[in-house]
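Subject: Structure handover and findings

Hello,

I am passing on the structure below for your files. My notes on it follow, grouped by topic.

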Amino acid sequence: MAEKHGHEVLRLPPYHCQLNPIELIWAQVKEEIRKNNSNSSQKLRVIEELTRKAMNNVTVENWKKCVAHTKKVEDEFRRNDIVVNHMVEKFIINISNDSSSDEE
């Protein structure tokens, strides 16, 4: 359905929540629920109402900040990957001699 509407679906690697902006938004929502649950009620009705309010308080600006942060994390991963690849190339050791034959 996404491709039909001109979008490309990119899958996130498992266990890398820092690459998913919605995790930051969810943390914001949970923090607001915690702050506003003054009597620490576990009643479903109370938690549901607090959750709705917290989710309605998520703004476009919140999303922009979370997406920007995630892009910074992605860029850092890319920079680190380049460094690691460069370092690994230096550690490759050739254990065969220069006069190798097809049999070796």
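A salt bridge here is a side-chain nitrogen of Lys or Arg within 4 Å of a carboxyl oxygen of Asp or Glu. By that criterion, a search of the whole structure gives five salt bridges. Please keep in mind that the model is predicted.

Overall layout

The protein has 104 residues, and 15% of them count as buried. Its secondary structure consists of three helices and zero strands, in the order α-α-α along the sequence. The accessible surface is about 9,600 Å², with 55% of that area belonging to carbon and sulfur atoms. Taking the contacts between residues at least 6 apart in sequence, 64% join residues at least 24 apart.

Annotation

The UniProt record, an unreviewed entry, carries the annotation "domain: Tc1-like transposase DDE" for residues 3-42. In the model, that span is 40% helix and 0% strand, and the C-alpha atoms at its two ends lie 42 Å apart.

Salt bridges

Helix α1 holds the pair Glu-31 and Arg-34, three residues apart, or about one turn of the helix. Their closest N and O atoms are 2.5 Å apart, and the two form a salt bridge. Glu-31 counts as partly exposed because its relative accessibility is 31%. Arg-34, at 54%, is exposed, since the cut-off for that class is over 50%.

Helix α2 has a pair of this kind in Arg-52 and Glu-48, which are separated by about one helical turn because they are four residues apart in the helix. The salt bridge between Arg-52 and Glu-48 has its closest N and O atoms 2.6 Å apart. Arg-52 is partly exposed at a relative accessible area of 47%, and Glu-48 is also classed as partly exposed, at 37%.

In helix α3, Arg-79 and Glu-76 lie three residues apart, about one turn of the helix. They form a salt bridge with 2.6 Å between the closest N and O atoms. Arg-79 has 45% relative accessibility and counts as partly exposed; Glu-76 falls in the partly exposed class with 35%.

Beyond these pairs, Glu-74, Asp-75 and Arg-78 are linked in a network of salt bridges.

Nonpolar core

Which residues make up the largest nonpolar core? There are seven: Ile-25, Val-29, Ile-33, Leu-50, Ala-54, Val-58 and Cys-66. Helices α1 (21-36) and α2 (44-56) each supply at least two residues of this core. The largest share, three residues, comes from α1.

Ile-33 is one of the core residues. Leaving out neighbours within four places in sequence, Ile-33 is in contact with Leu-50, Thr-51 and Ala-54. Of these partners, Leu-50 and Ala-54 are listed in the core as well.

The loop between α1 and α2

Asn-37 is located in the loop between α1 and α2. Is this residue buried or exposed? Asn-37 is buried, because its relative accessible area is 12% and the limit for that class is under 20%. When residues up to four places away in sequence are not counted, Asn-37 touches Val-46, Ile-47 and Leu-50. Leu-50 therefore appears in the contact lists of both Ile-33 and Asn-37, and Leu-50 belongs to the core, defined as a set of buried residues joined through side-chain atoms within 4.5 Å.

Nonpolar surface

Ile-22, Trp-63 and Val-67 make a nonpolar surface patch of about 240 Å². Trp-63 is found in helix α3, which covers residues 60-90, and Val-67 is in helix α3 too. Trp-63 counts as partly exposed because its relative accessibility is 35%. For Val-67 the value is 32%, which also places this residue in the partly exposed class. Val-67 and Leu-19 are 48 residues apart along the chain, and their C-alpha atoms are separated by 9.1 Å.

Regards

Definitions and conventions. Residues are numbered from 1 along each chain as its sequence is written. This is a predicted model: local features need pLDDT of at least 70, side-chain atom pairs count only at pLDDT 80 or more; totals for chains, interfaces and linings use all residues. Side-chain values use heavy atoms; hydrogens and water are left out. UniProt positions are given in the numbering used here, feature names are shortened, and annotations may be inferred rather than shown by experiment. Buried means under 20% relative accessible area, exposed over 50%, partly exposed in between (1.4 Å probe, protein chains only). Contact means heavy atoms within 4.5 Å. Patches are made of residues with over 30% relative accessible area and no salt bridge: like charges are joined within 9 Å, nonpolar side chains (Val, Leu, Ile, Met, Phe, Trp, Tyr) within 5 Å. Accessible areas come from the Shrake-Rupley method with a 1.4 Å probe; for residues, only the protein chains shown count as cover.
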